[in-house]
Amino acid sequence: MRYSREHKQETHDRIVKKASVRLREKGAHGIGVADLMKEAGLTHGGFYAHFDSREALVIEAFGYAMDRSMEHWRKLTGEAAPEKRLALIAESYLSTLHRDNPGHGCSIPALGAEIARESPKTRKAFAGKLDQMIEMMTDYIPNMPRKAARRQAIATLATMVGTMLLARTAGSNELSDEVLKAGRDRALDGVKREPKVPAAKKVKQS
């Protein structure tokens, strides 16, 4: 039986979506192709009709997860004042809800350590999505030179990711909550600090 191109694309998208959740829950090597296909309601034999390799699925599923995170941030900050957007992202990210639902959260703390050990192709794909995320966060830092804002965005993201990773591996709710609070306070302190524009960069008022 031959399926339409639209049906094939819908099936492909369903596999990627399911895989993105399971990979964040189980890790890049915590679940096999057969199980991933079963999750999508398909047979193992149909995998190569959609992907050239397991690596191709991991790359696409990781990209999907990163895109969903950025989409969530856009919705979260859509009505907020520019200077409050990054703080909203940090508060949402460093929450118990995010900590307790890795399958539907940011893929960097869930998969980042494993991606770092993958092939150059996989790491390059990760780097591209990471750069997009940093650029988005940079856009949310007003009244600061672009280079300085990007450095602030990287520092804030690193604090968020590191905090979430530690909170998930803390081993007890009490310690995990303590880690979350400390990381959230540090991240928010960084994004709420009044930006200083160098005198040479100031625009003269006419």
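This passage describes the helices, the burial pattern and the charged pairs of a predicted model. Local features were taken at pLDDT of at least 70 and side-chain atom pairs at pLDDT 80 or more, whereas totals for chains, interfaces and linings use all residues. Residues are numbered from 1 along each chain as its sequence is written, and side-chain values use heavy atoms, with hydrogens and water left out.

The chain contains 9 helices and 0 strands, in the order α-α-α-α-α-α-α-α-α along the sequence. Helices (H or I, at least four residues) and strands (E, at least two) are DSSP runs, numbered from the N terminus. The C-alpha trace spans about 70 × 45 × 35 Å along its principal axes. Of the 206 residues in the chain, 38% are buried; buried denotes under 20% relative accessible area, exposed over 50%, and partly exposed the range in between, for a 1.4 Å probe and protein chains only. Contacts are defined by heavy atoms within 4.5 Å. Among contacts between residues at least 6 apart in sequence, 68% join residues at least 24 apart.

Helix H3 covers residues 54–77, a run of 24 residues. The distance from its first C-alpha to its last is 35 Å, close to the expected 34 Å, where the expected span is 1.5 Å times one less than the number of residues. The buried residues of H3 include Leu 57, Val 58, Ile 59, Ala 61, Phe 62 and Gly 63. Further along H3, Ala 65, Met 66, Ser 69, Met 70, Trp 73 and Thr 77 are also buried. The elements that cover these residues include helix H1 (5–26), helix H2 (33–39), H4, helix H6 (107–115), helix H7 (120–139) and helix H8 (146–169).

Trp 73, which lies in helix H3, has a relative accessibility of 3% and therefore counts as buried. With neighbours within four places in sequence left aside, Trp 73 is in contact with Ile 89, Tyr 93, Met 133, Met 136, Met 137, Tyr 140, Leu 157 and Met 160. One of these partners, Met 137, is 64 residues from Trp 73 in sequence, with a C-alpha to C-alpha distance of 9.3 Å.

In helix H4 (residues 85–93), the buried residues are Leu 86, Ala 87, Ile 89, Ala 90 and Tyr 93. These residues lie on the same side of H4 because they cover an arc of only 160° around the axis, the arc being that of the directions from the helix axis to the C-beta atoms.

Side chains of opposite charge can pair when their charged atoms come close. The whole structure holds 11 salt bridges, each defined as a side-chain nitrogen of Lys or Arg within 4 Å of a carboxyl oxygen of Asp or Glu. One of them joins Glu 25 and Arg 22, with the closest N and O atoms 2.6 Å apart. Glu 25 and Arg 22 are separated by about one helical turn, because they are 3 residues apart in helix H1. Glu 25 is partly exposed at 38% relative accessibility, and Arg 22 is partly exposed at 21%.

A salt bridge within helix H3 pairs Glu 71 with Lys 75, at 3.4 Å between the closest N and O atoms. The two residues are 4 apart, about one turn of the helix. Glu 71 is partly exposed, with a relative accessible area of 30%, whereas Lys 75 is exposed at 65%.

Arg 99 and Asp 177 form a salt bridge with an N to O distance of 2.6 Å. This pair links distant parts of the chain, with Arg 99 in helix H5 (residues 96–99) and Asp 177 in helix H9 (residues 173–192), 78 residues apart. Arg 99 is buried at 10% relative accessibility, and Asp 177 is partly exposed at 35%. In addition, Asp 131, Glu 135, Asp 139, Arg 146 and Arg 150 are linked in a network of salt bridges.

Arg 68 lies over the face of Tyr 64, at 4.6 Å from the ring centre. The criterion for a charge over a ring is NZ of Lys or CZ of Arg within 6 Å of the ring centre and within 35 degrees of the ring normal.

Most residues other than glycine have a negative phi. Asn 143 has a positive phi of about 60° although it is not a glycine. Asn 143 is placed in the loop between H7 and H8, and is exposed at 60% relative accessibility.
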